[in-house]
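Please examine the structure shown below together with its sequence. The paragraphs after it guide the reader through selected parts of the fold.

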Amino acid sequence: MNNIKILEVKKQKTMLDNVLEQFNKTADSMNLNANIRKILSITNNEIIIHFPVKMDNGNVEIFTGYRVQHNNALGPYKGGLRYHPTVDVNDAKALAMWMTWKTSLAGLPYGGAKGGIQIDPRNYSLSELERITRRFTFALGDNIGAEYDIPAPDVNTNEQTMAWMADTFMSTKSPNERSNHKHVVTGKPIGSGGLEGRDRATGFGVYLTLRLLFEDKNETLKGKKFIVQGFGNVGYWASHFLNNDGAILIATQDAHATLINNEGISVEDLYEHCKPRKGSTKGFEGATEMNPDAFFGLECDFIIPAALGNQITEANADKIKAKVIAEGANGPINNEAERILLDNNVTIIPDILCNSGGVIGSYFEWLQNRNGELWPLDEVMFKIERKMTVNFRRVEKLATTNKVDWRTAAYTIAISRIETAYVERGIFP
């Protein structure tokens, strides 16, 4: 009989593994109350919904949607909805936990949630996406609400998605109550109660944290070369503001192409190229295609991963030559890669700080709807910049004082605020 050698396959860590490891590392370092640690290590609610939708051809398809609510000690659950084939309950749990830390760090009266539908939206018409969105919203029912759980756009969702959601949810209420539920979602179009500047808030926050970081080194962004993974809403707006300050975009990567031009890629030309192509950068004449595996190893001053999670791993971290990474996406660096990067003296601006401009903008939209106000763009951007600058300085100060990396400092501030709420209020009953 032949001897069969069984090879041990190393299980790849998920985003949930990463966020729990990050949480436990911080909980150990700050000696978090053991009972509160138990509460924060799990989610409050995990909602899985299967729902039918009639397609344009008359056939019915069954879709699976998720909404995970991690914690609401500080206020209503808050978090995006993404439409992507990889959406599952474990990824939603990880992203919901990150949202709890993000809203707490930002000093907002929110908790954390996340969700979405397991779908590739490119395979469906606009009318099908509308029916899918409306049916999902109806199926969620009272699991969302303006004072309970407030969704927002995320990967492959946008202001149109939020307009459909808001209209559907409001239509389930009595006529005299409908206008009171406009803030059930944020990230809506301006004409449907959206906030001026909400579209650029996340990308602006990425730009702002980079600007503040270089200002601390008595440097400007002028002439700095950078690369961006993901040229969607966050990648575009971050590049737009950086380019306006003199930084040079030399390479981009998305699911369709990896482009390079060492002389500089025109941010606005690339944006115009992508608009009629469902966001694809492929075929852009202002740059040439390169080997995607070499992308993160390009010579540049900083990197903005603004696509999906777990993009920088132990397999490519050692190739990185940039000394700064600004996390435009949620969880783009796994923990093994982070250890390598920190050993190589790379500064990582963590996602819960770097891309928090979006949820801060969402908070202002929520307040605007709640109070029946309308704020001009310059006032909105001033409010976002002021709040993010305060948060940046707090993280920077703790990282310097405690001699820890920026992620540990950000987590410590965020979790401490939630711990204080539980200690002061106690556990019911």
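The account that follows concerns a predicted model and moves from a sheet to a helix that packs on it, then to two loop residues, and finally to a pocket and a cavity.

The sheet is open and has seven strands, arranged in the order β9-β8-β7-β6-β10-β11-β12 with mixed pairing. At its edges stand β9 (288–289) and β12 (347–349); each has a single partner strand, so one side of each is left without a neighbour in the sheet. As a general matter, the strands of a sheet pair through backbone hydrogen bonds, in either a parallel or an antiparallel manner.

Both senses of pairing can be followed here. Strand β10 pairs with β6 in the parallel sense over four bridges, and Ile227 stands opposite Ile303 of β10. On β10 there is also a parallel pairing with β11, over two bridges, in which Ile303 faces Ile325 of β11. The antiparallel sense appears between β7 and β8 (residues 258–260), which are joined by three bridges; Gln253 stands opposite Thr258 in β8.

How are the side chains of β10 directed? Phe302 and Ile304 point one way from the strand, whereas Ile303 and Pro305 point the other way. These four residues are all buried.

Helix α7 packs on this sheet, where it touches β6, β7 and β10. The direction of α7 makes about 170 degrees with that of β6. The helix comprises 12 residues (233–244), which at 1.5 Å a residue should span 16 Å; the end C-alpha atoms lie 17 Å apart, in agreement with that expectation.

Is α7 mostly covered or mostly uncovered? It is mostly covered, since nine of its 12 residues are buried. The buried residues are Val234, Gly235, Tyr236, Trp237, Ala238, Ser239, His240, Phe241 and Leu242. An α-helix has 3.6 residues a turn, so residues three or four places apart point the same way. The surroundings of α7 include both helices and strands: its buried residues pack against α6 (201–216), β6 (225–229), β7 (248–253), α8 (267–274) and β10 (302–305). Just after α7, Gly246 takes a positive phi of about 100 degrees.

Two loop residues that are not glycines also have a positive phi. Lys278, in the loop between α8 and β9, has a value of about 55 degrees. Asn310, in the loop between β10 and β11 (324–326), likewise has a phi of about 55 degrees. Their accessibilities place them in opposite classes: Lys278 counts as exposed because its relative accessibility is 64%, above the 50% cut-off, while Asn310 counts as buried because its value is 17%, under the 20% cut-off.

The account now turns to open and enclosed space. The second largest pocket has a volume of about 190 Å³. Helices α1 (15–29), α9 (335–343) and α13 (406–425) each supply at least two residues of its lining. Among the lining residues are Glu21, Lys25, Asn335, Glu338, Arg339, Arg407 and Tyr411.

How many cavities of 30 Å³ or more does a search of the whole structure find? The search finds one. The largest cavity holds about 50 Å³ of space and is lined by Arg82, Thr86, Val87, Asp88, Asp91, Ala92, Leu95 and Gly115. Helix α3 (residues 89–105) gives the most to this lining, with three residues.

Terms used. Residues numbered from 1 in each chain as written. Predicted model: local features only at pLDDT ≥ 70, side-chain atom pairs only at ≥ 80, totals over all residues. Heavy atoms only, no water. Expected span 1.5 Å × (residues − 1). Buried < 20%, exposed > 50% of the residue type's maximum accessible area, 1.4 Å probe, protein only. Contact = heavy atoms within 4.5 Å. Pairing = 2+ DSSP bridges. Axes fitted to C-alpha atoms, helices over the stretch in contact; angles between N-to-C directions. 1 Å grid on protein atoms, 1.4 Å probe; cavity = no way out; pocket = protein on both sides within 12 Å on 5 of 7 lines; lining within 4 Å. Points joined across faces, edges and corners; volume = space filled by probe spheres on them.
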